[in-house]
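Hi everyone, thanks for making time. I'd like to walk you through a structure that is new to most of us, so please have a look at it first.

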Amino acid sequence: MTSDSPARRAGRGGGFRSRWRRGRNSPPSKLRRRAGAAVRMVAALMLAGGVYTLLAPSAQAQEDVALSTAAAQGKEIFDNSCITCHGRNAQGIEGRGPSLIGVGSASVEFQVETGRMPMVRQEAQAEEKMPQFNDEQAQQLAQYIQELGGGPEIPDGPLTHDIDADPDALSRGGELFRLNCTSCHGFGGGGGALSSGKFAPALTDVSERHIYAAMLSGPQNMPVFGDNQLTPDEKRDIITYITGQLQDGGDPGGFNLGRFGPITEGLAIFLVGITALVFTCLWIAGKS
């Protein structure tokens with residue numbers, strides 16, 4: 001039996017060490033590369049989420065916000081009458097009521113002062129009814145929501161133009177009304193039906209503040225007309241036309257036929273005219 005020579009032993013040992021070194025220096029497998037990339041991506045996403053959480057403004061109401069006297073009184077009303085649907089701190093309850101954070105005092109004034117809120121039951125649209133709160137209580141509720149989450153507010157001062165000082169306000173308002181409002185409310189402001197059981201209400205007895213608040217808040221299917229869409233002066237033009245022409249202007253043409261526009265007028269003329277012609281023909285035939 002021959003024994004291994006030192007050279008052969010060294011050769012075998014050297015070969016093992018060289019293979020071990022090649023194993024250590026070989027590039028990582030595809031699985032390891034993918035695992036490393038996944039770990040780095042997760043770490044990057046977690047870092048980005050943490051930075052966003054720290055820097056992004058919070059959309060929730062602050063529980064320790066300092067309230068004015070009116071807002072504190074509004075909070076008492078809210079906790080007694082509104083918290084069931086809109087939740088603690090007005091952050092909403094799914095299936096009952098939306099969040100009120102950011103809706104502003106204009107929306108609260110419109111909904112509460114017209115009796116649309118509180119709703120009796122969930123329907124396609126909140127209908128106007130006798131309000132459950134007086135104007136002072138509605139203002140307190142509006143102030144609480146405004147201080148809680150901010151949002152659109154009805155500006156101070158007059159909401160219409162003085163026609164004597166600015167006689168062109170009616171014509172400007174009429175043009176803006178026909179361009180932005182008649183598709184839903186009709187040419188005469190009589191309202192109209194919409195899809196899914198909803199409708200645009202009549203404007204015959206709506207106050208100036210409620211019209212302005214509706215344009216700011218966009219209740220139901222109504223679009224929001226912010227200051228970027230309609231400037232405050234243009235909103236005043238529209239309100240001047242509604243209150244000065246549609247509400248107080250009367251019907252110079254006679255019977256208004258519901259103020260639904262030229263379609264009903266044309267239909268009435270057609271039916272009345274055809275009926276009159278038929279009876280005239282029968283009368284002539286009878287005489288002859």
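Let me start with a word I'll use a lot: a residue is called buried if its relative accessible area is under 20%, and exposed if that value is over 50%, with partly exposed in between. Also keep in mind that what you see is a predicted model.

With that in hand, let's go to the aromatic residues. Phe-78 and Tyr-144 are both buried. How many aromatic pairs does the structure hold? There are two. In one of them, the ring centres of Phe-78 and Tyr-144 sit 5.6 Å apart with the planes at 50°, so we call that pair tilted. Phe-78 belongs to helix H3, residues 69-81, while Tyr-144 belongs to helix H6, residues 135-149, so this pair ties together parts that are 66 residues apart in sequence.

The other pair is Phe-177 with Tyr-241, also tilted, at 5.5 Å centre to centre and 45° between the planes. Here Phe-177 comes from helix H7, residues 169-180, and Tyr-241 from helix H10, residues 232-247, so the parts being tied together are 64 residues apart in sequence. Are these two buried or exposed? Phe-177 has a relative accessible area of 0%, so it is buried. Tyr-241 comes out at 11%, so that one is buried as well.

Now back to Phe-78 for a moment, because it leads us to a histidine: Phe-78 is one of the residues that His-86 touches. His-86 lies in helix H4, which covers residues 83-86, and with a relative accessible area of 12% it is buried. What does the side chain of His-86 reach? It reaches the backbone oxygen of Pro-98, at 2.9 Å. Leaving out residues up to four places away in sequence, the contacts of His-86 also include Gln-91, Gly-92, Ile-93, Gly-97 and Leu-100.

Next up is helix H9, residues 208-217. It is mostly covered, with eight of its ten residues buried. Among those buried residues are His-210, Tyr-212, Met-215 and Ser-217. And what covers them? The cover includes H5 and H10. Just after H9 you'll find Gly-218, which takes a positive phi of about 65°.

Tyr-212 gives us a link to Pro-232, since the two are in contact. Pro-232 is found in helix H10 and also touches Asp-227, if we set aside its neighbours within four places in sequence. At 29% relative accessibility, Pro-232 counts as partly exposed. Its C-alpha atom is 8.7 Å from that of Leu-159, although the two residues are 73 apart along the chain.

Let's finish on the outside. Met-130 sits in the loop between helix H5, residues 104-113, and H6. With 70% relative accessibility, Met-130 is exposed. The C-alpha atoms of Met-130 and Glu-113 are separated by 8.7 Å, and these residues are 17 apart along the chain.

Last stop: a nonpolar patch on the surface, with about 820 Å² of accessible area together. It is formed by Leu-267, Phe-270, Leu-271, Ile-274, Leu-277, Val-278, Phe-279 and Leu-282. Take Val-278 as an example: you'll find it in helix H11, residues 262-287, and its 42% relative accessibility makes it partly exposed.

That's my tour, and I'm happy to go back to any part of it.

Definitions and conventions: Residues numbered from 1 in each chain as written. Predicted model: local features only at pLDDT ≥ 70, side-chain atom pairs only at ≥ 80, totals over all residues. Heavy atoms only, no water. Helix = DSSP H or I, 4+ residues; strand = E, 2+ residues; numbered from the N terminus. Buried < 20%, exposed > 50% of the residue type's maximum accessible area, 1.4 Å probe, protein only. Polar contact = N/O pair within 3.5 Å; in protein donor to acceptor, adjacent residues only side chain to side chain. Contact = heavy atoms within 4.5 Å. Patch = residues over 30% accessible without salt bridge, like charges linked within 9 Å, V, L, I, M, F, W, Y side chains within 5 Å. Areas by Shrake-Rupley, 256 points an atom, 1.4 Å probe, with all protein chains shown as cover. Salt bridge = Lys/Arg side-chain N within 4 Å of Asp/Glu carboxyl O. Phe/Tyr/Trp six-rings, centres within 6.5 Å; stacked < 30°, edge-to-face > 60°.
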